[in-house]
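The following exercises concern a structure of two chains and how they are arranged. Each task is followed by a solution in steps.

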Number of protein chains: 2
Amino acid sequence: MDFALWMAGVQQRTEAALERLLPSAETAPTRLHGAMRYAALGGGKRVRPLLCHAAGEIFGAEGAKLDRAACAVEMIHVYSLVHDDLPCMDDDVLRRGKPTCHVEYDEATALLVGDALQAQAFQVLAAEPLAEPAQQLAMVTLLALAAGSRGMAGGQAIDLAAVGQSLSLEELEYMHIHKTGALIRAAVLLGAHCGHADKAAVESLAHFANRAGLLFQVVDDILDAEANTATLGKTAGKDAAQGKPTYVNLLGVGDAKAKAAGLRDEAHQALAPFGAAARRLHELTDFIVERSF
Amino acid sequence: MDFALWMAGVQQRTEAALERLLPSAETAPTRLHGAMRYAALGGGKRVRPLLCHAAGEIFGAEGAKLDRAACAVEMIHVYSLVHDDLPCMDDDVLRRGKPTCHVEYDEATALLVGDALQAQAFQVLAAEPLAEPAQQLAMVTLLALAAGSRGMAGGQAIDLAAVGQSLSLEELEYMHIHKTGALIRAAVLLGAHCGHADKAAVESLAHFANRAGLLFQVVDDILDAEANTATLGKTAGKDAAQGKPTYVNLLGVGDAKAKAAGLRDEAHQALAPFGAAARRLHELTDFIVERSF
């Protein structure tokens, strides 16, 4: 199957699974449930679900299990966007081409949307069998660590502290490994666990995910510097305007693109042990890079 | 052992367990970890951990397992307080006798503290064996449902929508069953599951928890109406000032106290099947009521 077709298929089934796994907007409290669906449905590239499915397919994992793991990760991602857009954080009004959640609803609702989506993610990951029970508990722990203070939320805190600071390349990398990388790693590994991947395979994939996660961020910085708001579906040039350190202002666009190319090569190499079975992860890596050049 | 001594013991071991289970303030990101510890440590009546231990003791559950379950619930509770105190919610400056988290730190940090504490709760519940793995997965699901949009976060949303509205007694009860009741129920049932309680026992305890949860809220409303800020350790009279419906303004103080007495009786009755083994839950129920009269 053609990559574009495969990708569209995963995006479509992710949307359908989120539709199903999120409480109906007719269920009380209706405003909260409507706002959760507003934030989570009908948009986004679904990069994390794509990574989850692509990793799971290496090991022949069932699609229905991958849908749940992918939706759990995507719910964590969406909650982080909703909270990140709040006035006390990035104070952004546009996300995925729509008004942000607190603009469309209100701040208190957006706060609760994020809180409830995080809880929903753990419910989705735990409520149906996805692996041997002991392994599935380890998957819950993995997602909790990826989302928490030593993962994504910790990365946000480092990001906050970095505004207006000049970071070294190492410090910038440390921030992104937490802020974006932890959840991307979780997406890949949860997909692999749905297919009973062994320890060596998980290690290779963790290495792949580390490279792919950074790659994703370097490309994001390039996009933020080069694209305009309409193409991006979110406010462009914001990082620079807020004095946030980025790969582009540390390295310049040219070297940032060279770094992206290097990370792509490393990500590809990490997939070597899986041969043709890792085709979708390979293609996804290219797709991430080609968003920008 | 005397009840006061038992209670002090559980409070002390909960504090010690939280100390241990929260990341150190020396671990990066240090400001976030310091703020998480500020919010979670050194205060609070630890009602949910007390309920968790009291329920677990009926079935001879191990103390170390109960500590983890109790801390998971307490972390969810603390995160909800931190978010509830934010300017876009209740906008409160005092909690447990100290400045609220966003006053002591800043709003963005308080937002992340809540987010990270929720993730930490699921990590604490999943990372070490507390029951048979399949049962423990069910415990994760139980906590996720209790915390999410059909539990605590949903109750907050109903509470928001109710400000300035006149609710019926049924509507007020519906709100509290979600906002406070869901997590109190989770505390009791997670404790019971740590001791391998059977289905009938869990059903009796769920009924007890429903009554105890409402009781707790009715007493809270009475305290809010009658106590002063110094005694309460949080801003008193706020609910009335904000036009929030309470049992006291629906029923008057006298009838609210009568309702509390009735709920106490029902809670006690639900404990009958356990005989003397439920002694601590029995005493805890009395303790909740005696806070006010």
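**Exercise 1.** By what turn and what shift along the axis can chain A be laid on chain B?

*Solution.* The model is predicted, with local features needing pLDDT of at least 70 and side-chain atom pairs counting only at pLDDT 80 or more, while totals for chains, interfaces and linings use all residues. Residues are numbered from 1 along each chain as its sequence is written, and chains are lettered from A, ligands numbered from 1, in the order in which they are written. A turn of 180° with a shift of 0.0 Å along the axis lays chain A on chain B, at an RMSD of 0.0 Å (least squares on C-alpha atoms of residues with pLDDT of at least 70 in both copies). This is therefore the relation of a two-fold axis. In chain A, P133(A) has the C-alpha nearest the axis, at 2.6 Å.

**Exercise 2.** Determine which element gives the largest share of the side of chain A that touches chain B.

*Solution.* Chain A and chain B each bring 43 residues to the contact (C-beta atoms, placed from the backbone, within 7 Å). Two or more residues come from each of α2 (30-40), α6 (107-126), α7 (133-147) and α8 (152-162) of chain A (helices are DSSP runs of H or I, at least four residues, numbered from the N terminus). The largest share, 13 residues, belongs to α6(A). Finally, 100% of the interface residues of chain A are also interface residues in chain B, so the copies meet through the same surface.

Methods: Contact = placed C-beta atoms within 7 Å.
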